[in-house]
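Got your viewer open? Let's take a walk through this one, a stop at a time.

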Amino acid sequence: MAQQTVTVEPSDPSGMPSSVRIRTPARIRAMRVSGRVLTYVILWLGSFVYAIPFLWMVRTSFMRLDKLFEEPPQIWPDPWIWQNYIDMWETGPFANWIVNSLILVALGMFGQTFISIFVAYGFARTQFPGRNQLFVLILATLMLPGHVTIVPKFIMFRTVGLLDSLWPVALPDLWGQAFYIFILRQFFLTLPVELDEAAEIDGANLLQVLFRVVIPLSKPAIATVAVFNFINKWNEFFEPFVFIQTPEKLTLAVGIRWFRTQYGTEFQMLMAASIVSVAPIVIVFFFAQKQFVRGIALTGIKS
Amino acid sequence: MTATDMASAPTPARRGRGILGWTWKETQGFLFILPWLFGFIVFIAGPFFFSFFLSFTQWRLVGDIKWLGFENYAQLLSGEDTRFVQSVYNTAYYVVFHVPGVLIISFIIAGLLNRKVKGIAIYRTAFYLPSITTGVATAVLWYWVLQPNGLLNNFLDIFLKPLDIQAPNWLGSTTWAMPGLIIMSFWSVGTTMIIYLAGLQGIPQHLYEAAEIDGAGWWGKVRHVTIPMMTPQIFLTMVLAVIGSFQVFTAALIITEGGPADATLFLLLYLYWNGFRFFKMGYASAIAWILFFVILFLTIVQFLTARRWVYYEGERAG
């Protein structure tokens, strides 16, 4: 698909034998140009189709409720209602939700990333009996759907009295996550061992090697993991949804669901709330596109 | 796995050093792994086995746990619980259309983006952003898009109005609710697309040149070069998509709550209801284990059939 040169198939309907190729330069150029044009047309249409629900969401968030169901639909909100955002903010405990989401994100980005670095370093740079078996075990947890353990976790946290708080959401993930450990380990393995050895000759211990040699050289991989962590924690739904009941204690993602059950018909406020929840992701994506693409590409290379 | 197991076969060099016969360096290495091992035992392995135990019991969070033996499984697998049967059917319906759809759409987009187009960052953003959008926001948005007079029907009416055909009431009809959710799922193809794009960029140019010399046209090159070279990525994304699509939850919960008339009742939603609405902890665990075995079975089948069609360059290079 990467190639532009279009040649006529041997089974050309003109009935010519395949040795006689009609590949006049003008014809090839014409086909190449039309292929290019076609590519752009499909890409434009495609990205429009993918972008328009977003644009529709933005549009709706600024509309007056009674204008929502007009036929034919308004393309541009008239009148333009900024007030929707203020109404939305005053209707639900959004400030609480955002703070809760941020706590979860911070624990993930710093705590989980940090511990994943330790574990990945252990796998990449040390030897001990059973190391390879443990690594296989880590990869196996990637295949385990988290929902199998949701009932026992609920019972467990209920027993220790931690339900209806952020703890049951944050605690189980804090100990390093398989996917992040995997990405980091793969990256650490690409660093030359000679650097470690040189530092060790200078008297550095394993921790010092990690902090002075490996971490400074692994900033791109660590950034990738941190960014993934941000998105996953910000978007996390199932576990906070199961574990937290009090509206004020919810995270933003689950809070919007609560908001929808209360004010389901006020689409303009729902859309405004959705935009508030999506905005940080869009911003992070714009600043960290490279980290995203690299991280996902790494997953693909795994096979 | 305990630490003593691992030290059970000490080599002569290791003997007599430290408690487990490990060198200081080995002990340090193990200490680095320890946090993960702790989390694994407490939050993954422990609950995993506890859930297996629970699946043979009846328990409503209060009172004693009652041992049932295989009763939960018998009730589920005999078809006695018609809502469970419905949820299996719905989940299978979704998987069958969602997985190939996502793979094909991602492949086409990745193929187009790989043609050295200008402004690739803009297209990539447009196609990728939906897949990292908060699930709830996506669901709320599509709830709006799929309304009888929503965005999708506004668009369809352009073609259907002249033919005097009524656009479907997506979420209100047992026939159209599931197709509606599947169409929505095609909006989030970004991750698969980027894995493909990375794969396409890794295909050596000389293979296309060789194919061209052999007289291959555009389709010939796609069929005989691109697709075979991409089979590792196709395989990976297929496995991930199957695992993921068995766990649809947010969309069904928020958009349809399983309705109308259980038409979008997915396995995970049914598990959630049993566990956290009816508080049937044992029954919910049994559903979880059936879900787990189905996913495990399909993953193993895919891995076993993989050697027939997945091409790994390293294998034939020698």
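Is B:F279 buried, exposed or partly exposed? Keep in mind that you're looking at a predicted model. Select B:F279 and show what surrounds it: 14 other C-beta atoms lie within 10 Å, so the residue counts as partly exposed. You'll find B:F279 in the loop between α13 and α14 (281-309) of chain B. Check its backbone too, since B:F279 has a positive phi of about 55° without being a glycine.

Now hop to B:D262, in the loop between α12 and α13 of chain B. Here is another non-glycine residue with a positive phi, about 65°. B:D262 has 18 C-beta neighbours inside 10 Å, and is therefore partly exposed.

Stay in that part of chain B and pick B:P260, which sits in the loop between α12 (250-256) and α13 (267-276). The peptide bond leading from B:G259 into B:P260 is cis, with omega near -10°. For a second cis bond, switch to chain A and select A:D78 and A:P79, where omega is about 5°. A:P79 belongs to the loop between α1 (25-61) and α2 (83-91) of chain A. Why stop for such spots? Most residues other than glycine have a negative phi, and most peptide bonds are trans.

Next, a pair of helices. Select α4 (residues 131-143) and α7 (residues 178-190) of chain A; they pack at an angle of about 130°, with their axes 9 Å apart. That angle is why α4(A) and α7(A) count as oblique to each other. Their crossing is left-handed. To see the contact, show A:I138, A:L139, A:T141 and A:L142 from α4(A), then A:A178, A:F179, A:I181 and A:F182 from α7(A). Colour them by class and you get seven nonpolar residues, one polar and no charged ones.

Zoom out to both chains. Their contact takes 85 residues from chain B and 80 from chain A. On the chain B side, helix α2 (residues 24-54) gives the largest share, with 18 residues. That side of chain B has 58 nonpolar, 22 polar and five charged residues.

Last stop: the largest nonpolar core, with 151 residues. Which members touch the most others? Select A:L184 and B:V140. Helix α3 (residues 94-125) of chain A gives the most to this core, eleven residues. Finish by centring on B:V140: leaving out residues up to four places away in sequence, B:V140 touches A:I256, A:R260, A:L270, A:S274 and B:I254.

Conventions: Residues are numbered from 1 along each chain as its sequence is written. Chains are lettered from A and ligands numbered from 1 in the order in which they are written. This is a predicted model: local features need pLDDT of at least 70, side-chain atom pairs count only at pLDDT 80 or more; totals for chains, interfaces and linings use all residues. Axes are lines fitted to C-alpha atoms, for helices over the stretch in contact, and angles run from 0 to 180 degrees between N-to-C directions. Helices (H or I, at least four residues) and strands (E, at least two) are DSSP runs, numbered from the N terminus. Angles under 35 degrees count as roughly parallel, over 145 as roughly antiparallel, 65 to 115 as roughly perpendicular and the rest as oblique. A crossing is left-handed if the near helix is turned anticlockwise from the far one by less than a right angle, and right-handed if clockwise. Two residues are in contact if their C-beta atoms, placed from the backbone, lie within 7 Å. Ala, Val, Leu, Ile, Met, Phe, Trp, Tyr, Cys and Pro count as nonpolar, Asp, Glu, Lys and Arg as charged, and the others, Gly among them, as polar. A nonpolar core is a set of buried Ala, Val, Leu, Ile, Met, Phe, Trp, Tyr and Cys residues joined through C-beta atoms within 7 Å. A residue is buried if 20 or more other C-beta atoms lie within 10 Å of its own, exposed if 12 or fewer, and partly exposed in between; C-beta atoms are placed from the backbone.
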